[in-house]
Amino acid sequence: MFKKFVNTILIVSAILTLGLKASATQWISANNNLGNIIYVDTDSIQQKENRIFYYVKYYEEKIKNDSKVLVMSEGNHPFVIGDPIAYKNRYFMNSIQSVNDKVMNYAAKNSIPEVQPGSDLDSIPVNLDPYAKNVITKIKSNLKYKFTYRNSSARAMIKINKNGELKKVHIYESSGNKKLDMALNKAIEASAPFDPLPEEYDKTFAILWIDVNYGKDKSIILLNSVISLGKMILR
């Protein structure tokens with residue numbers, strides 16, 4: 001009798017377990033660096049025109065943080081769309097490109113469904129590339145080249161309000177040259193205020209992720225992505 005009871009429990013448990021596996025999202029590890037683990041939900045990878053959207057789960061063992069962020073790729077160019085925690089973490093930001101490469105490789109080998117109208121993935125903010133390029137041009141005009149900056153690079157994030165006011169500057173990856181970091185910070189501050197955000201952009205603020213790369217004889221500023229956090233798109 002006891003054996004039958006145990007067998008019944010095992011069968012029911014197996015059925016429940018199978019059911020959970022069938023309905024669970026398919027998280028695959030995309031990065032494991034310095035205790036940081038990033039997972040991509042392969043079930044969430046969808047496309048709309050030339051853009052691919054997907055959810056990433058970010059987990060940092062040291063602070064035991066688990067959060068989700070929506071990432072968009074246009075022309076193999078990653079855009080982080082929403083997470084109040086992860087965007088501040090330089091390990092996460094430094095991993096976005098490698099995560100995106102894995103997603104694009106996955107998308108090339110698998111049939112990816114189209115975004116459904118009315119879904120979270122359909123409510124993506126307006127493309128801010130033209131606006132961001134104007135911001136970059138303004139910053140670049142205030143960032144002068146110096147010989148001591150050669151072969152250096154830095155990464156900064158800036159927060160801009162709806163009216164174009166600069167609210168925050170964060171050098172999340174230092175160049176290793178304090179003078180260059182300070183020069184970048186000052187160039188960004190000197191460029192403010194910026195133009196108001198586009199009227200069709202219904203978020204309260206935008207965050208730009210900026211790469212600065214100095215060559216041997218000139219400075220080059222590249223915009224890596226636009227990060228929109230005005231209204232969180234999380235689930």
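Let's start on helix H3, on the face turned away from its buried side. That face carries the exposed residues Pro130, Lys133 and Thr137. Keep in mind that this is a predicted model.

Now the other side of H3. Here Tyr131, Ala132, Val135, Ile136 and Ile139 are buried. They cover an arc of only 135 degrees around the axis, which puts them on the same side of H3. The general rule helps here. An α-helix has 3.6 residues a turn, so residues three or four places apart point the same way. What about the length of H3? Its 14 residues should span 20 Å at 1.5 Å a residue, and the end C-alpha atoms are indeed 20 Å apart.

Let me step back to the whole chain. We have four helices and nine strands. From the N terminus, the order is α-β-β-β-β-β-α-α-β-β-α-β-β. The chain has 235 residues, and 43% of them are buried. Take the contacts between residues at least 6 apart in sequence. Of these, 62% join residues at least 24 apart. The accessible surface is about 12,900 Å², and carbon and sulfur atoms account for 55% of that.

Next, helix H4, residues 178-191. Same check on length. Its 14 residues should span 20 Å at 1.5 Å each, and the end C-alpha atoms sit 20 Å apart, which agrees.

Which residues of H4 are buried? They are Leu180, Asp181, Ala183, Leu184, Ala187, Ile188 and Ser191. Their arc is only 160 degrees around the axis, which puts them on the same side of H4. Note that an aspartate and a serine are in that buried set, as Asp181 and Ser191. On the face turned away, we find the exposed residues Lys178, Lys179, Lys186 and Ala190.

What do the buried residues of H4 pack against? The partners are helix H3 and strands E6, E7 and E8. So H3, where we began, comes back as a partner of H4.

The N-terminal end of H4 has a cap. That is asparagine 177. One of its side-chain oxygens lies 3.0 Å from the backbone nitrogen of lysine 179.

Two of those partner strands deserve a closer look. E6 covers 153-161 and E8 covers 205-214. They pair in the antiparallel sense, over nine bridges. One pairing to find on your screen: arginine 155 has aspartate 211, in E8, as its bridge partner. Is E8 mostly covered or mostly open? Covered: nine of its 10 residues are buried.

Between H4 and E8 there is a loop, and glutamate 200 lies in it. Glutamate 200 is exposed, with a relative accessible area of 56%; the cut-off for exposed is over 50%. Now look across to valine 126. The two residues are 74 apart along the chain, yet their C-alpha atoms are separated by 7.0 Å.

Last stop, helix H2, residues 90-109. Asparagine 100 is found here. Buried or exposed? Asparagine 100 is buried, with a relative accessible area of 0%. The cut-off for buried is under 20%. What does the side chain of asparagine 100 make a polar contact with? The side chain of serine 73, at 3.5 Å. Leaving out residues up to four places away in sequence, asparagine 100 touches Tyr54, Ser73, Asn76, His77 and Pro78.

To recap. H4 packs its buried residues against H3, E6, E7 and E8. Asparagine 177 caps its N-terminal end. And asparagine 100 sits buried in H2.

Notes
Residues are numbered from 1 along each chain as its sequence is written. This is a predicted model: local features need pLDDT of at least 70, side-chain atom pairs count only at pLDDT 80 or more; totals for chains, interfaces and linings use all residues. Side-chain values use heavy atoms; hydrogens and water are left out. Helices (H or I, at least four residues) and strands (E, at least two) are DSSP runs, numbered from the N terminus. The expected span of a helix is 1.5 Å times one less than its number of residues. Buried means under 20% relative accessible area, exposed over 50%, partly exposed in between (1.4 Å probe, protein chains only). The arc is that of the directions from the helix axis to the C-beta atoms. Contact means heavy atoms within 4.5 Å. A polar contact is a pair of N or O atoms within 3.5 Å; within protein, one must be able to donate a hydrogen and the other to accept it, and residues adjacent in sequence count only if both atoms are side-chain atoms. Accessible areas come from the Shrake-Rupley method with a 1.4 Å probe; for residues, only the protein chains shown count as cover. Two strands pair if DSSP finds at least two bridges between them.
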